[in-house]
Amino acid sequence: MGQLESRAGELPPGQRLQRGWPVTHYGPVPRFRPERWEFAVFGATADGAKHAWNHEEFSALPYEAVVADLHCVTKFSMLGAEWGGVCARTVAELVPPAPDVTHVMVWAEYGFSSNLRIEDFLAGDTIFATHKDGELLTAEHGFPVRLVVPRLYAWKGPKWVRGVEYMTADRRGFWEERGYHNVGDPWREQRYSYQESPGDGPEL
Ligand SMILES: Nc1nc2c(c(=O)[nH]1)N[C@H]1C(S)=C(S)[C@@H](COP(=O)(O)O)O[C@H]1N2
Ligand SMILES: [Mo]
């Protein structure tokens, strides 16, 4: 756990500082349709039920801000942005996971997904961001909601998030099935799946 504590403001090994904020993702930018949008929490919830918030309800959840860095596995890092939104911890308080939950899958538009260990999900600085530096996210940066997991490479934070699945066993997400490391700790340069040690992730 020691290696995974937050080290805000520092460049992890092999990273370089990026000025400005590039747009990086796979596929098209989805159009936001408020009437069809929901943020669902499902899978192994404590009460066994799926819970969902519409956009108005999600926007009314407790708002917090964290200053955090974004490290892209393609080697640029953006330091010191302020992300505002709903902490993942708050989501887990409102919809508790069952006691045997070990991982979550965060789901986004078009079926994009990313798996996280529950301890990374529950870290205090993991946030479902709606704002950056006080302004609403733009469409290409994930409006209306994107996940930011400062302690992991940025692909672990889907843009255009639509839900969280609580899991009692690990499963690989979109990039984790396509050659990227299952854990993705930038401080240990866990970039690619060939670097995985036994126990880092499910068999490929
Ligand atoms: N839905 C979705 N989210 C995604 C991605 C993606 O391809 N699809 N790419 C990730 C990667 S690799 C990075 S580096 C960051 C980039 O965020 P930005 O475009 O806001 O800088 O988004 C992450 N979230
Ligand atoms: Mo990335």
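L17 counts as partly exposed, because its relative accessibility is 43% and partly exposed covers the range between under 20% (buried) and over 50% (exposed). Keep in mind that you're looking at a predicted model. Where does L17 lie? You'll find L17 in strand β1, which covers residues 16-17. L17 also belongs to a nonpolar patch on the surface, together with L11 and L79. Between them, these three leucines offer about 220 Å² of accessible area.

**Around the ligand**

Now turn to ligand 1. How many residues surround ligand 1? There are 17, and the closest are T24, Y26, H141, R146 and K159. Two of these closest residues, H141 and K159, come up again when you look at individual atoms. In the side chain of H141, an N or O atom sits 2.6 Å from an oxygen atom of ligand 1. K159 brings a polar side-chain atom to 2.5 Å from an oxygen atom of the ligand. With G157 it's the backbone that takes part: one of its polar backbone atoms is 2.9 Å from a nitrogen atom of ligand 1. So how much of the ligand is covered? On its own, ligand 1 would expose 530 Å², and the protein buries 96% of that.

**Salt bridges**

Next, the charged side chains. The count comes to 10 salt bridges, and the table shows some of them.

| Salt bridge | N to O distance |
|---|---|
| R117 and D120 | 3.1 Å |
| D125 and R151 | 3.7 Å |
| E196 and R172 | 2.8 Å |

Each pair counts as a salt bridge because a side-chain nitrogen of Lys or Arg comes within 4 Å of a carboxyl oxygen of Asp or Glu.

Are the partners buried or exposed? Take R117 and D120. R117 is partly exposed, because its relative accessible area is 24%. D120 is buried, because just 1% of its relative area is accessible.

In the bridge between D125 and R151, the pair links distant parts of the chain, 26 residues apart. D125 is in the loop between α3 (118-121) and β8 (127-132), while R151 is in the loop between β10 (146-148) and β11 (161-167). D125 is buried, with a relative accessible area of 13%, and R151 counts as buried too, at 11%.

Then there's the salt bridge of E196 with R172. Here again the pair links distant parts of the chain: both residues are in the segment after β11, 24 residues apart. E196 is buried, and R172 is as well.

**Aromatic rings**

Finally, the rings. To describe a pair of aromatic rings, you give the distance of the centres and the angle of the planes. How many aromatic pairs does the structure hold? The answer is 19. One of them joins F32 and W37, with 6.2 Å from centre to centre. The pair is edge-to-face, because its planes are 75° apart and the cut-off for that label is over 60 degrees.

W37 also pairs with F39, at 6.5 Å centre to centre. That pair is tilted, with 45° between the planes.

What about the accessibility of these three residues? F32 counts as partly exposed, at 22% relative accessibility. W37 counts as buried at 3%, and F39 is buried with 0%.

Elsewhere, ring pairs link a cluster made of Y26, F112, Y153, W155, F174, W175, Y180, Y192 and Y194. You've met Y26 already, as one of the closest residues to ligand 1.

Definitions and conventions. Residues numbered from 1 in each chain as written. Chains lettered and ligands numbered in written order. Predicted model: local features only at pLDDT ≥ 70, side-chain atom pairs only at ≥ 80, totals over all residues. Heavy atoms only, no water. Patch = residues over 30% accessible without salt bridge, like charges linked within 9 Å, V, L, I, M, F, W, Y side chains within 5 Å. Areas by Shrake-Rupley, 256 points an atom, 1.4 Å probe, with all protein chains shown as cover. Helix = DSSP H or I, 4+ residues; strand = E, 2+ residues; numbered from the N terminus. Buried < 20%, exposed > 50% of the residue type's maximum accessible area, 1.4 Å probe, protein only. Near = heavy atom within 4 Å. Polar contact = N/O pair within 3.5 Å; in protein donor to acceptor, adjacent residues only side chain to side chain. Phe/Tyr/Trp six-rings, centres within 6.5 Å; stacked < 30°, edge-to-face > 60°.
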